[in-house]
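Here is a short briefing on one protein model, arranged by topic. Keep the sequence and the structure open while you read.

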Amino acid sequence: MPKITELHPAAPWIELQSEPQDWDAIGAAELLRMHYHLHVIRAFEETVLEFEKLGRVKGPVNSSIGKEAGAGGASAPRVSRDLITGAHRGHHQFIAKGMRHLDDAAYDPRSAPLPESVTHFLYRALAEILGLADGFCRGRGGSMHLRWTECGAMGTNAIVGGGVPIATGLAWAKKREAHGHVAMTFFGDGSAHIGAVPESMNLAALWSLPIAFFIENNGYAVATTLDEETKETRLSSRGGAFAIPAWRVDGMDLAAVVAASRKAVEHMRAGKGPVVIEAMVYRYLNHGGSLLGSAFGYRGKDEEAEWKARDPRARTAREMIARGWLTPQQDEAIREHPVAAMAAIASRLRENDPATGKPRIPPALWPRPEFRDHGLRGDLSEFAGARFEELETFGTKTAEAKFVDAIAAVMGRRMETDERIFVMGEDIHRLKGGTNGATKGLAARFPDRIVPTPIEEEGFVGLCGGVAMEGSYRPVVEFMYADFTLVAADQVFNQIGKSRHMFGGDSAMPLVLRTKCAIGTGYGSQHSMDPAGLYSQWPGWRIVAPSTPFDYVGLMNSALRCEDPVLVIEHVDLYNASGPAPVDDWDYCIPLGKAKVVRPGKAFTVLTYLAMVPVALQVADEMGVDAEIIDLRSLDRAGIDWATIGASIEKTNNVRSEE
């Protein structure tokens with residue numbers, strides 16, 4: 001018989017239940033504040049559903065009615081500079097965070113209407129859900145993309161689990177700032193199984209990031225029961241796989257959620273790393289819309305009634321009344337004030353159509369048509385004062401250098417002059433500069449800014465997206481091969497690429513992603529793709545493809561200056577090739593969106609980039625043809641230099657592509 005040794009998790013995993021003294025410990029004033037917030041969330045959601053019934057909400061409405069205590073209790077120990085990301089069902093998370101930010105200690109919700117600041121906040125939140133110009137994202141976000149950075153709400157997210165890697169990036173930035181602030185990411189039971197979530201938990205634990213993974217376990221992913229999703233239905237068990245302490249609580253019990261959240265925040269502020277909180281909650285309605293789930297046959301009315309009997313607002317009111325902290329009449333007043341405020345807000349956002357008599361949104365409230373593409377990418381105003389150079393006009397010394405050495409040199413120069421820049425990727429700290437030498441010498445010079453990662457591309461690129469969103473640092477991500485983009489596609493395209501647009505057009509996303517094209521090097525079909533065509537389908541990305549060491553330096557400087565995400569493509573065939581490079585001056589830029597005529601001619605125009613540029617030059621010389629060869633350099637559709645291309649074709653009347 002083999003020897004059997006029982007193993008135990010490396011971190012605590014406990015179920016926490018409230019006792020009467022936990023309600024006492026919260027105190028009358030704080031409990032009144034939270035009870036008021038629960039009423040505001042409920043009144044807000046009820047108003048959203050009124051508009052949904054009228055057909056005035058463009059897109060789905062995922063109501064959080066019944067789940068208020070989870071978000072409300074989780075917000076209790078946090079301050080405005082603590083950051084959150086929310087789920088697709090995130091109205092309550094957004095409202096709870098905003099209410100904490102706006103709280104006025106002098107306001108008594110039992111006796112006075114809602115403060116104007118709160119009413120304005122709720123107006124803007126509802127306007128956003130309706131897609132209107134007065135919304136927080138000026139109507140771009142809608143129901144699933146609510147963001148208000150001033151209060152620390154960094155965005156709810158329509159992609160299941162999509163906000164979790166971003167939140168790890170927020171936590172990474174907060175840890176670096178060392179001011180004791182923390183992050184929290186909300187997601188549901190359906191999200192707990194998507195790959196981005198365990199990848200994020202692993203990175204958070206590995207680097208002791210101050211983040212709480214708050215799982216709202218409502219028992220259903222749309223209509224799929226939890227038993228149909230996983231064998232281990234206690235989702236807080238996921239913490240044990242990564243040595244993360246975890247608490248499981250009744251999410252309908254406000255005191256239990258507050259107790260767990262306070263323990264979690266205390267743990268994180270003490271520098272002990274991440275936590276998991278699983279709150280057992282219930283959504284009263286169907287996955288989307290205003291009907292009950294029982295109307296669709298996947299759950300019964302008895303189940304719904306049992307959960308509604310445990311309503312968190314009613315429970316909180318009973319506890320307060322029992323302690324003499326509230327009367328039934330005062331509770332009714334607390335309820336009526338947000339109801340009245342939401343009715344007034346609704347009246348501002350609704351009118352009767354003079355032609356039909358039917359309800360409509362006042363036309364003046366819609367975004368202007370020309371706003372449609374505003375802020376899809378930045379206006380490049382950050383390049384004011386930049387010095388642009390081309391090799392032919394460069395005023396200082398150049399010398400022959402290997403392409404890969406220029407990569408390491410310019411990155412070292414930028415890290416030397418800008419402490420915000422760091423590099424993250426797989427195997428970039430050893431092997432004498434990574435697998436190709438692109439980070440040669442940098443780990444020794446910047447040991448805390450060359451950050452090696454586990455093999456989990458979606459997790460670490462999403463983390464860097466969160467860092468870029470937070471704004472204090474500038475990440476450079478390395479994908480060892482461009483094909484790995486497909487492993488991380490949600491974060492690369494749905495999150496990073498769309499961030500500026502979906503949150504209103506004004507939020508920067510300064511992230512550089514370096515990757516290589518290995519066509520012709522024997523690495524096979526899964527390591528050889530040219531990513532330009534893929535990234536060009538996602539309009540948030542700028543794409544540059546340098547073909548010489550000199551151009552690499554100028555284009556990388558521009559990429560690191562840009563406030564948009566920039567893909568920098570390198571070709572393996574060029575790494576050991578030599579060409580002119582600067583000797584002492586590493587600070588010039590080459591404009592994004594500017595092609596270069598590298599060989600004038602009249603017979604026909606050749607459009608090319610990367611390793612095909614020297615090939616095209618060689619072939620043209622060997623054949624003795626009068627070809628005009630253009631190095632495109634910028635490959636995103638909005639950044640292609642049509643002026644240079646057009647001028648060449650007007651001259652040659654013939655164009656060919658060499659890729």
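E389 forms a salt bridge with R387, with 2.9 Å between the closest N and O atoms. A salt bridge here is a side-chain nitrogen of Lys or Arg within 4 Å of a carboxyl oxygen of Asp or Glu. This is a predicted model: local features need pLDDT of at least 70, side-chain atom pairs count only at pLDDT 80 or more, and totals for chains, interfaces and linings use all residues. Residues are numbered from 1 along each chain as its sequence is written, and side-chain values use heavy atoms, with hydrogens and water left out.

**Salt bridges**

- The whole structure holds 46 salt bridges.
- E389 is buried, at 13% relative accessibility. Its partner R387 is partly exposed, at 34%. Buried means under 20% relative accessible area, exposed means over 50%, and partly exposed lies in between (1.4 Å probe, protein chains only).
- K596 and E390 also meet in a salt bridge, at 3.9 Å from N to O. K596 lies in strand β19 (596–599) and E390 in the loop between β10 (359–360) and β11 (398–402), so the pair ties together parts 206 residues apart in sequence. Helices (H or I, at least four residues) and strands (E, at least two) are DSSP runs, numbered from the N terminus.
- K596 is buried, with 12% relative accessibility.
- E416 and R445 form a salt bridge, their closest N and O atoms 3.0 Å apart. This pair links distant parts of the chain: E416 is in helix α13 (403–417) and R445 in helix α14 (442–445), 29 residues apart.
- Both ends of that bridge are partly exposed: E416 has a relative accessibility of 46%, and R445 has 44%.
- A network of salt bridges links D24, D253, R315, E319 and R323.

**A buried aspartate in a loop**

- D311 sits in the loop between α10 (301–308) and α11 (312–322).
- Is D311 buried or exposed? D311 is buried, with a relative accessible area of 8%.
- The side chains of D311 and R42 share a polar contact of 2.7 Å. A polar contact is a pair of N or O atoms within 3.5 Å; within protein, one must be able to donate a hydrogen and the other to accept it, and residues adjacent in sequence count only if both atoms are side-chain atoms.
- Leaving aside neighbours within four places in sequence, D311 is in contact (heavy atoms within 4.5 Å) with R42 and Y284.

**Helix α5**

- Helix α5 (116–129) has 14 residues. From first C-alpha to last, α5 reaches 20 Å, close to the 20 Å expected at 1.5 Å a residue. The expected span is 1.5 Å times one less than the number of residues.
- Ten of the 14 residues of α5 are buried, so the helix is largely enclosed by the rest of the structure. Among them are F121, L122, Y123 and E128.
- The cover over these buried residues includes α2 (28–53), α4 (91–102) and α12 (328–348).
- G131 follows α5 and has a positive phi, near 80 degrees.

**Nonpolar cores**

- The largest nonpolar core has 83 residues. Such a core is a set of buried Ala, Val, Leu, Ile, Met, Phe, Trp, Tyr and Cys residues joined through side-chain atoms within 4.5 Å.
- Residues with the most contacts inside this core include F44, F121, L122 and L126. Helix α2 gives the most to this core, with twelve residues.
- Not counting residues up to four places away in sequence, L122 touches V40, F44, I95, L114, M342 and I345.
- Apart from the largest core lies another, of 65 residues, among them I215, A468, M502 and A545.

**Aromatic pairs**

- The structure holds 22 aromatic pairs. Rings of Phe, Tyr and Trp (its six-membered ring) pair if their centres lie within 6.5 Å; planes under 30 degrees apart count as stacked, over 60 as edge-to-face and the rest as tilted.
- Y481 and Y523 form a tilted pair, 5.2 Å centre to centre with 50 degrees between the planes. Y481 is buried at 7% relative accessibility, whereas Y523 is partly exposed at 45%.
- F493 and Y535 have ring centres 5.1 Å apart and planes at 65 degrees, so the pair is edge-to-face. F493 lies in helix α16 and Y535 in helix α18, so the pair ties together parts 42 residues apart in sequence.
- F493 is buried at 4%, and Y535 is buried at 0%.
- F94, F121, F136 and W148 form one aromatic cluster.
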